[in-house]
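Got the model open in your viewer? Follow along, one selection at a time.

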Protein chains: 2
Amino acid sequence: MKLDIHTITESDIIQKEIISKIRDLINHKNLEPGDKLPSERQLSERFDVSRSNVREAIQKLEFYGLLNSIPQSGTFVANIGVIALNGMIEDILRLDEPDFKSLVETRILLELKTARLAALRRTPEDLVQMQEALDAYTNKVHNGENAVQEDLLFHLAIAKAAGNSTMNTFMLIITPGIITNFEKYHVCDKNQPVIGIKEHEAILEAIKNKDPEAAKQKMKDHFKILYQYCYSI
Amino acid sequence: MKLDIHTITESDIIQKEIISKIRDLINHKNLEPGDKLPSERQLSERFDVSRSNVREAIQKLEFYGLLNSIPQSGTFVANIGVIALNGMIEDILRLDEPDFKSLVETRILLELKTARLAALRRTPEDLVQMQEALDAYTNKVHNGENAVQEDLLFHLAIAKAAGNSTMNTFMLIITPGIITNFEKYHVCDKNQPVIGIKEHEAILEAIKNKDPEAAKQKMKDHFKILYQYCYSI
DNA sequence: AGCCTTTTACTGGTTAACCAATTATTGAAT
DNA sequence: ATTCAATAATTGGTTAACCAGTAAAAGGCT
């Protein structure tokens, strides 16, 4: 198994070049929102790359909402204007692999908020699911087994209960990177699982009591060691 | 790859079915981290779908870090364990279109933090770029033109100065949805551009002075109207 | 048997041909 | 000249064939 999952490959470089060329094309031709891009075939010929490479680049720009492909019709510039478009493409091209510190910093930010929101919005059904996740975690720890997964699922259950689909998505996006880096840097070794149980219980208790500030504070306590470790590397 | 942020299509439904079947397969065959999935051809035959559909589903799971494709070798289950894997796939399948409220709520959370971090970490180069973005915004407003794009780019410049690549990426992801909904609900009409200039200037001033708390507060002030509007719908 | 080379089959990725739907063009009828 | 139906060209999406590299199997050698 390859440990470093998110390695930058040769095709990533090609894709960035294509994206850059598409941007130049939009600027040079003064394409405005709603205007049609040249067809995939024309682009692949003009840029001297395969059509599938062009398609991938277009799909990436579609992901960021900058282009809009319509079957049997064409690919169109999104309705956000050429200035914002240039700025965003520049940012997308500049984006590189997120470092561990960046991931943890974002995770803490998100989770302090989801804990707070969960305390405000959790349904009885949410409570059941969080309790189940916590029980699974507790059992594993008491058996002396590795409970990183159950730990994680408890936090995702909170994110679910927060009732914010965007934050929920973002939590899912950063989770694998967090796990990978935890294993790489042996973060879990520095945390006492038994302490983790009490901290989790305190968080759930606050959410159960619909006490948002307490939930946030208990989550903060839970992240204290991670926080210090993160800023020490 | 397409995230569920935008419109849901027919092929998205097919993709979710395939993801669901891959999950069942992993469970039924008791595949563990590092184990190899059947080949794309076998999966497409077994599920009675095209190979490209299978590839897209695998790429989505790869995006969330659950699978790992190695050329000329195979697709492998990531190193996160079957329990977390099941939980995350369940979450991914459940994800639906984020509502406007969810987007704004997340944006405010992110931007209060990026403003704070930018005040702590901004380089002289960052200051120049933020100032340029602000000037472009100011000029447009003074000419009576629509300055939504320049507004946006100023905020993205702050996110860049915050020095957190994950938050930067997340800002880019939510921005198109924010713009689309702004136009849909005519949010901009409710904001006075001239007031916006002063608010932007105050934010930049705080970042320039390396005053994180002031930067956060000024950003909060800037979002006040949006915040109220968001929670009123 | 054990080791090493050679061969074979299989893998994800790439390319090219094909498809159905849309759009542009044509041209006759009014 | 205008309108509108028929046709041709073009589009993104799909499928199937192909490629290069890997991993396993086979087979000869000691």
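Helices here are DSSP runs of H or I, at least four residues long, numbered from the N terminus. Keep in mind as you click around that this is a predicted model.

**Stop 1: a loop in chain A**

Select K210(A). You're in the loop between α9 (193-208) and α10 (212-222) of chain A. Is K210(A) buried or exposed? Its relative accessibility is 52%, so K210(A) counts as exposed, the cut-off for that label being over 50%. Now add L117(A): this residue is 93 residues away along the chain, yet the two C-alpha atoms are separated by 9.4 Å. For actual contacts, show A119(A) and R122(A), which K210(A) touches once its neighbours within four places in sequence are set aside.

**Stop 2: α6 against α9 in chain A**

Next, show helix α6 (residues 124-142) of chain A together with α9(A). Their axes are 10 Å apart and the packing angle is about 170 degrees. Angles over 145 degrees count as roughly antiparallel, and α6(A) and α9(A) are therefore roughly antiparallel to each other. The crossing of this pair is left-handed.

To see who does the touching, turn on side chains. From α6(A), the contact includes L127(A), M130(A), L134(A), Y137(A) and V141(A). From α9(A), the residues to pick include V194(A), I197(A), H200(A), L204(A) and I207(A). Colour the whole contact by class and you should get 10 nonpolar, five polar and two charged residues.

**Stop 3: a positive phi in chain A**

Go to N30(A), in the loop between α1 (10-28) and α2 (40-47) of chain A. What is the phi of N30(A)? It's positive, about 55 degrees, although N30(A) is not a glycine. Most residues other than glycine have a negative phi. With a relative accessibility of 58%, N30(A) counts as exposed.

**Stop 4: where the chains meet**

Zoom out and colour by chain. How many residues of chain B are in contact with chain A? There are 61 on the chain B side, meeting 57 residues of chain A. The area buried between the two chains is about 5,000 Å², and carbon and sulfur atoms give 65% of that. On the chain B side, select L109(B), F170(B) and L172(B): they lose the most area to chain A, together 12% of what that side buries.

**Stop 5: the loop after α2 in chain B**

Move to the loop between α2 (40-47) and α3 (51-63) of chain B, where you'll find S50(B). S50(B) has a relative accessible area of 32%, so it is partly exposed. Draw a distance from S50(B) to E40(B): the two are 10 residues apart in sequence and 9.5 Å apart in space, C-alpha to C-alpha.

D48(B) sits in the loop between α2 and α3 of chain B. Check its backbone: D48(B) has a positive phi of about 60 degrees although it is not a glycine. D48(B) is exposed, at a relative accessible area of 69%.

**Stop 6: α7 and its partners in chain B**

Show helix α6 (residues 124-142) and helix α7 (residues 148-161) of chain B, whose axes come within 8 Å and cross at roughly 170 degrees. That angle is why α6(B) and α7(B) are called roughly antiparallel. Among the residues making the contact are M130(B), A133(B), L134(B) and Y137(B) of α6(B), with L153(B), F154(B), A157(B) and I158(B) of α7(B). By class, this contact has 10 nonpolar, one polar and five charged residues.

Keep α7(B) and add helix α9 (residues 193-208) of chain B. Here the axes come within 12 Å and cross at roughly 15 degrees, which makes α7(B) roughly parallel to α9(B). The crossing is left-handed. Select D151(B), F154(B), H155(B) and I158(B) in α7(B), and you'll see them meet H200(B), I203(B), L204(B) and I207(B) in α9(B). This contact splits into five nonpolar, two polar and one charged residues.

**Last stop: M219(B)**

Finish on M219(B) in helix α10 (residues 212-222) of chain B. Its relative accessibility is 0%, so M219(B) counts as buried. What does M219(B) touch, not counting residues up to four places away in sequence? Select E111(B), L112(B), A115(B), H155(B), I158(B) and I203(B). The C-alpha atoms of M219(B) and E111(B) are separated by 7.4 Å, with their positions 108 residues apart along the chain.

Notes: Residues are numbered from 1 along each chain as its sequence is written. Chains are lettered from A and ligands numbered from 1 in the order in which they are written. This is a predicted model: local features need pLDDT of at least 70, side-chain atom pairs count only at pLDDT 80 or more; totals for chains, interfaces and linings use all residues. Side-chain values use heavy atoms; hydrogens and water are left out. Helices (H or I, at least four residues) and strands (E, at least two) are DSSP runs, numbered from the N terminus. Buried means under 20% relative accessible area, exposed over 50%, partly exposed in between (1.4 Å probe, protein chains only). Contact means heavy atoms within 4.5 Å. Axes are lines fitted to C-alpha atoms, for helices over the stretch in contact, and angles run from 0 to 180 degrees between N-to-C directions. Angles under 35 degrees count as roughly parallel, over 145 as roughly antiparallel, 65 to 115 as roughly perpendicular and the rest as oblique. A crossing is left-handed if the near helix is turned anticlockwise from the far one by less than a right angle, and right-handed if clockwise. Ala, Val, Leu, Ile, Met, Phe, Trp, Tyr, Cys and Pro count as nonpolar, Asp, Glu, Lys and Arg as charged, and the others, Gly among them, as polar. Buried area is the accessible area (1.4 Å probe) that two parts lose on being put together, summed over both.
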